[in-house]
Amino acid sequence: MTDRARAFAAFAEGRAPFRALNPDHFSALTRNATEHSAAAEELVCAIGDPIAGLHVITAGTMQLISAEGEVLADMHAGDVFGHRALLREGRAILRVEARTDADYVVIAAPTFLSIMDADPVFASFFRRRADAPATAAPRAAPAVNMVATRLGDLMTEKPMALPETSSVRQAAEAMWERHISCTLVTGEGGKLVGIVTAGDLVGNVIARGMDAETPLTEVMARDPVALSPDATMLDAVMVMTEKRIGHLPVVGADGTPQGIVTQTDLVRRNSNSLIYMIADINRRETYDGLAEVVARNPQMLVELVASGLEGHQVGRMMTGITDAVTRRLIALAEQKLGPAPVPWLWLACGSQGRMEQTGVSDQDNCLFLSDDYDEDAHGGYFAEFARFVSDGLDAVGYFYCPGDMMATNPKWRQPVRVWRRYFDNWIAKPDPMAQMLASVMFDLRPIAGDETLFGDLNVRTLEKASKDSIFRAHMIANSLTHTPPLGLFGGLSYVRGGEHKNAIDMKLSGVVPITDLGRAYALEGRIEAVNTRQRLITARDMDGILSKTGGSDLIDAYDLIVELRLKHQTAQIRAGGKPDNFMVPDTLSALERNHLKDAFSVVKTLQSAIGQGGARR
């Protein structure tokens, strides 16, 4: 294999759909891939051009452009194009241009088509996209880019920034000359300290009759919300819709401005309905109004899966909707009840905490309260606050937790000092109930409020727990209570009777065993991430926690199980039903069933390894 082939093999081996190929097909694919480059704004292919093969972007950004000149989608490293043409008339139906300097490979058409014929799973990946109308794929494609697109690739670079000693007149003149609607304001060391928009100049200066020489520090919005260049478009959508801001600065690690993103940028680059769904959530004032928006969740799930998103990305985006609903209910609670008497923090646990929600979700949450909290003086407010939010979540479709793991339960609505005691006691006395509670609470993620209340609790608890060998042993034992559905001789084991006869519970028997393993590895390696896949990646890349081979196999197994679970749920939605977790394996192809058995075998092997005292394999 040539160096170029090895480089592409390294790029493709961890990406769908190439990672599922058998070694012979993968080798043939990489041997027959040729490298190409395109400069920014260079035409890669025009409508009607013959397509030589499957195009895979390896670096940079390209754009899909319609015959009318409309930019339909941005494509990034890992995205593919040309498959629709190859499966139809063999000529491009959309224009492709490089938006930045870009690299890509072309897999020769005969190789691509022969593997399509030989591998049904590989073929289904592309046929799902090719069977949709030509206009449907571009509409869905931006959903992928919401997670894949870094703000560093989206932002307007070198934004205008004026020193805080500048005047209102200087800002107005500079904004007029450059035809822009805002300027950033910098302080010592060039760090971002504020932002002034055209609206500020009208509302704070002209309407109030302020002098044109007024310093910007008197009219700017101080300490504006900002994100890093590595944040994603989805992060920007969340922040801008929740904070109701139209301009989002992008700053480097040193606090200096690197760029700016506006709502116009987001709409122009991504008109996917998820943006509008979140914006709609932030406009609603009642439970019924929010329920109308959340009722679109099933269709959103179908669209996200159809767009080609990987399972973990779908989970993050569906969780983003839940987060937005939760924050909106919290804002409405504060409107109704008035300001809270002491600082507080609302946290999610369970699938919302791990950012792994799909089409079936209950609510798991809690409240951290300041140590200034007094039950007699403040208890009534926070009880009503928690009830308003949890009742709202239930009313819109996130039903009450069957185990009462909610902030409405006084036990899970406590000052920080009590939470510290909870974790200390669970570690000191790891009985079955303590193990269960600790497992749930290790997945905590702040949603809204004063995040300083969470502070170093997670780090402190991980450090203390990881040093306690008895607690670790109990947690590992607890992680082995859910086992993959494999029979004595390695075949799939089905539900034997009842409503779900001959099905597999893809949550309790599929996802949960890997979630439990991820939590055990996080404890062993003091990994702060709460997302299962991120825990596995971090554990794989650490020394002494999980081997490279075992970690990669487990991540692949997790991805496959999540993908099949989502495929099952979206098929139910399309058929007019409600999604559940009980998948009948007979609905899968023989190849998919074999891959699923292999995935379960990987999980079982790693459960055995960690149960015998070693996670490495």
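**Exercise 1. The second largest pocket**

Determine how the lining of the second largest pocket of this predicted model divides among nonpolar, polar and charged residues, and establish which helices supply the lining.

*Solution.*
Step 1. Sort the lining by class: eight residues are nonpolar, eleven are polar and ten are charged.
Step 2. State the volume, which is about 830 Å³ for the second largest pocket. Of its 29 lining residues, those closest to the centre are Gly350, Arg354, Lys507, Leu508 and Val512.
Step 3. Assign the lining to helices. At least two residues each come from α16 (350-354), α19 (432-441) and α22 (506-525).
Step 4. Identify the main contributor: α22 provides seven residues, the largest share of the lining.

**Exercise 2. Enclosed cavities**

State how many cavities of 30 Å³ or more a search of the whole structure finds, and describe the lining of the largest cavity and of the second largest cavity.

*Solution.*
Step 1. The search yields four cavities that reach 30 Å³ or more.
Step 2. Take the largest cavity, with a volume of about 100 Å³. The elements giving two or more residues to its lining are α15 (311-337) and α24. The residues that line the largest cavity are Gly311, His312, Gly315, Met355, Glu356, Gln357, Thr358, Val511, Asn531, Tyr558, Val562 and Arg565.
Step 3. Classify that lining: the largest cavity has four nonpolar, six polar and two charged residues around it.
Step 4. Turn to the second largest cavity, which holds about 60 Å³ of space. Its lining consists of Phe423, Met441, Phe442, Leu444, Phe454, Leu457, Asn458 and Thr461. Helix α20 (residues 457-466) gives three residues, the largest share.
Step 5. Classify the second lining: six residues are nonpolar, two are polar and none is charged.

**Exercise 3. The span of helix α24**

Compare the expected span of helix α24 (residues 548-574) with the distance between its end C-alpha atoms, and describe the glycine that follows the helix.

*Solution.*
Step 1. The helix has 27 residues, and at 1.5 Å a residue it should span 39 Å. The expected span is 1.5 Å times one less than the number of residues.
Step 2. The end C-alpha atoms of α24 lie 39 Å apart, so the expected span and the model agree.
Step 3. After α24 comes Gly576, which has a positive phi near 90 degrees.

**Exercise 4. Strand β12 and its partners**

Explain why strand β12 (residues 192-197) is described as largely enclosed, and identify the bridge partners of Val185 and Ile195.

*Solution.*
Step 1. Apply the cut-off for burial, under 20% relative accessible area. Five of the six residues of β12 are buried, and therefore the strand is largely enclosed by the rest of the structure.
Step 2. Consider the pairing with strand β11 (residues 182-186): five bridges join β11 to β12, and the two strands run antiparallel. Val185 has Gly194 of β12 as its bridge partner.
Step 3. Examine the hairpin of β11 and β12. Five residues lie between the strands, and Gly189 adopts a positive phi near 75 degrees.
Step 4. Consider strand β13 (residues 221-222), which pairs with β12 in the antiparallel sense over two bridges. The partner of Ile195 is Ala221 in β13.

**Exercise 5. An open sheet**

Establish the strand order of the open sheet of three strands and name its edge strands.

*Solution.*
Step 1. The order is β9-β15-β14, with antiparallel pairing.
Step 2. β9 (156-157) and β14 (247-251) are the edge strands, since each of them pairs on one side only.
Step 3. Between β14 and strand β15 (residues 257-262) there are five bridges, in the antiparallel sense. Leu248 stands opposite Val261 in β15.

**Exercise 6. Two residue environments**

Decide whether Thr61 is buried or exposed, and describe the surroundings of Thr61 and Arg95.

*Solution.*
Step 1. Thr61 is located in the loop between β3 (53-59) and β4 (62-65). Its relative accessible area is 2%, so Thr61 is buried.
Step 2. Beyond residues up to four places away in sequence, Thr61 touches Asp74, Met75, His76, Ala98, Arg99, Thr100, Asp101 and Ala102.
Step 3. Arg95 belongs to strand β7 (residues 95-98). With a relative accessible area of 29%, Arg95 is partly exposed.
Step 4. Neighbours within four places in sequence aside, Arg95 contacts Leu43, Cys45, Ile47, Gln63, Leu64 and Ile65. Arg95 and Gly48 are 47 residues apart in sequence, and their C-alpha atoms are 8.7 Å apart.

Methods: Residues are numbered from 1 along each chain as its sequence is written. This is a predicted model: local features need pLDDT of at least 70, side-chain atom pairs count only at pLDDT 80 or more; totals for chains, interfaces and linings use all residues. Side-chain values use heavy atoms; hydrogens and water are left out. On a 1 Å grid over the protein atoms alone, a cavity is a set of points where a 1.4 Å probe fits but cannot get out, and a pocket is an open set with protein on both sides within 12 Å along at least five of seven lines; lining residues have an atom within 4 Å of a point. Grid points are joined across faces, edges and corners, and a volume is the space filled by probe spheres set on the points. Helices (H or I, at least four residues) and strands (E, at least two) are DSSP runs, numbered from the N terminus. Ala, Val, Leu, Ile, Met, Phe, Trp, Tyr, Cys and Pro count as nonpolar, Asp, Glu, Lys and Arg as charged, and the others, Gly among them, as polar. Two strands pair if DSSP finds at least two bridges between them. Buried means under 20% relative accessible area, exposed over 50%, partly exposed in between (1.4 Å probe, protein chains only). Contact means heavy atoms within 4.5 Å.
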